Amino acid sequence: MFVYADNAATTAMSSAAAAAMLPAMQTLYGNPSSLHQKGREANMALLGARETVARCLNAGPQEIYFTGCGTEADNWAITEGARLGAEAGKKHIISDTIEHHAVLHTLKKLEKQGFEVTYLPVHENGVVRLEELEAAVRPDTCLVTIMFCNNEIGTLQPVREIGALCRQKGILFHTDAVQAIGHVPVDVQKDNIDMLSLSGHKFHAPKGVGALYCKKGIRLKNFIEGGAQERGRRGGTEAIPAILAMAAALEESCAHLDENMAKVTAMRDRLIEGLSRIPNSRCNGDPDHKAPGIVSFCFEGVEGESLLLRLDLAGICASSGSACTSGSLDPSHVLLALGLPHEIAHGSLRLSLCEYNTMEEVDYILEQVPEVVRTLRQMSPVWLHMLEHMDDPYQ
Ligand SMILES: *Cc1c(COP(=O)(O)O)cnc(C)c1O
């Protein structure tokens with residue numbers, strides 16, 4: 001059996017996205033800035049895609065800026081939020097310890113430029129506390145950036161309440177919603193969001209396209225210098241086929257959000273229940289504030305990379321934490337932020353599902369993972385050492 005359970009790293013393109021993209025690649029080749037008919041045709045398609053994306057977020061089309069990826073949207077929003085703050089003499093930013101590196105590394109850059117950043121703790125359940133956010137606010141706080149849904153452990157942050165607090169204090173609020181868009185309801189108005197990042201390839205659109213929502217009235221300046229595209233804010237000829245595919249994928253995800261959430265949640269819950277039966281295992285992240293598709297586990301005495309390799313041999317595509325950190329031997333900053341010791345954080349497994357997965361696949365995962373964990377433990381010096389201090393749970 002083959003099971004793709006790494007949807008938080010990237011998703012397969014949907015038929016709707018491909019159906020929008022393929023003809024666009026061959027027929028809509030005009031440059032939307034050109035005045036002739038081919039240009040106008042491409043421009044019309046672009047306008048339509050912008051309207052679709054806006055509608056799915058409950059935003060206005062003039063509040064949507066297409067970007068090359070989610071990372072670019074994060075960089076742009078945070079850099080601009082900081083610049084606007086500095087203009088008003090405010091150079092303090094609030095974030096948290098489990099953000100994606102697109103956010104964390106942008107904040108590091110700003111710290112080098114003289115901004116001060118408070119990183120809120122997320123505690124054992126992976127969720128920021130509102131009272132701690134409120135306590136961290138200072139007269140010079142200009143920006144709060146807190147992700148909607150974490151990509152490694154799937155925890156959802158109390159975005160609406162965070163947004164309300166920021167509104168009340170007059171602070172800009174940005175959220176990295178890359179793992180939320182297309183997977184859970186997001187409404188920029190109800191959720192009190194000023195700026196939001198999204199990425200197409202996390203909801204069945206192709207790689208290489210994303211968007212930034214920026215609320216009307218925020219004096220966003222361009223991040224990439226160039227032509228007059230995106231109302232002069234983001235130069236570069238628009239990637240029409242990818243943008244159309246993203247709009248089609250988003251429209252489809254939003255139209256089927258409730259049924260997809262119900263289906264994926266049922267699979268996730270079965271997965272969590274089954275994996276929890278493995279001795280000395282731990283499910284990471286607050287089960288009550290969790291995205292439908294993301295499951296994160298740690299298995300004591302098991303090394304995450306070996307687990308992944310063995311699962312790959314069994315036909316299961318999973319990951320240890322985020323795809324971006326694999327290749328480095330450091331344990332995930334997210335798992336460490338939950339207070340897990342290094343040796344436990346090393347034995348992590350992330351399985352991320354989407355509506356294309358099936359219960360049969362979940363059952364196959366539940367056959368394979370316990371076997372692989374058991375085999376690896378039999379070969380693990382760490383596990384054998386642990387057995388000297390506890391009763392063997394496999395006996
Ligand atoms: C994938 C991801 C990103 C980066 O998006 P790209 O389009 O791959 O640049 C940013 N934030 C989160 C939470 C992600 O999961």
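S332 sits at 7% relative accessibility, so it counts as buried, the cut-off being under 20%. Keep in mind that this is a predicted model. The chain splits into domain 1 (3-10 + 257-387) and domain 2 (15-255), and both of them give residues to the largest nonpolar core and to the lining of the largest cavity. Here's the rundown, topic by topic.

**S332 and its setting**
- You'll find S332 in the loop between β11 (316-317) and α10 (333-337).
- Going by C-alpha atoms, S332 is 27 Å from F2 in space, with the two positions 330 residues apart in sequence.

**How the two domains meet**
- Domain 1 is made of two stretches, 3-10 and 257-387, while domain 2 runs over 15-255.
- Taken over C-alpha atoms, the centres of domain 1 and domain 2 are 28 Å apart.
- Domain 1 puts 30 residues into the contact, and domain 2 puts in 32 residues.

**The nonpolar cores**
- As a bit of background, nonpolar side chains in soluble globular proteins tend to be buried together.
- In this model, the largest nonpolar core counts 68 residues, and L57 and L196 have the most contacts inside it.
- Helix α7 (residues 240-255) supplies the largest share of that core, with nine residues.
- Domain 1 (3-10 + 257-387) and domain 2 (15-255) both chip in residues, so this core lies between them.
- There's also a second, separate core of 29 residues, with M267, V295, A318 and V362 among its members.
- Back in the largest core, who does L57 touch? Setting aside residues up to four places away in sequence, L57 touches I64, I181, V186, D187, V188, L196, L198 and Y213.
- That list includes L196, the other residue named for having the most contacts inside the largest core.

**The cavities**
- Searching the whole structure turns up two cavities of 30 Å³ or more.
- The largest cavity comes in at a volume of about 170 Å³.
- Its lining is made up of 18 residues, and H183, V264, P292, G293 and L353 lie nearest the centre of the cavity.
- Helix α8 (residues 257-276) gives the largest share of this lining, four residues.
- What classes of residue line the largest cavity? The lining has nine nonpolar, seven polar and two charged residues.
- Where does the largest cavity lie? Domain 1 (3-10 + 257-387) and domain 2 (15-255) both give residues to its lining, so the cavity lies between them.

**T175, in strand β6**
- T175 belongs to strand β6, which covers residues 172-176.
- Is T175 buried or exposed? Its relative accessibility is 0%, so T175 counts as buried.
- Leaving out neighbours within four places in sequence, T175 is in contact with I146, M147, F148, V159, I193, M195, L196 and S197.
- So L196 turns up both in the contacts of T175 and in those of L57, given that contact here means heavy atoms within 4.5 Å.

**I316, in strand β11**
- I316 is part of strand β11, the strand that comes before the loop holding S332.
- With a relative accessible area of 1%, I316 is buried.
- Apart from neighbours within four places in sequence, I316 is in contact with V3, L311, L351, Y364, I365 and Q368.
- I316 and R268 are 48 residues apart along the chain, and 16 Å separate their C-alpha atoms.

Definitions and conventions: Residues numbered from 1 in each chain as written. Predicted model: local features only at pLDDT ≥ 70, side-chain atom pairs only at ≥ 80, totals over all residues. Heavy atoms only, no water. Core = buried A, V, L, I, M, F, W, Y, C linked by side-chain atoms within 4.5 Å. Buried < 20%, exposed > 50% of the residue type's maximum accessible area, 1.4 Å probe, protein only. Helix = DSSP H or I, 4+ residues; strand = E, 2+ residues; numbered from the N terminus. Domains from an automatic or database assignment. 1 Å grid on protein atoms, 1.4 Å probe; cavity = no way out; pocket = protein on both sides within 12 Å on 5 of 7 lines; lining within 4 Å. Points joined across faces, edges and corners; volume = space filled by probe spheres on them. Nonpolar A, V, L, I, M, F, W, Y, C, P; charged D, E, K, R; others polar.
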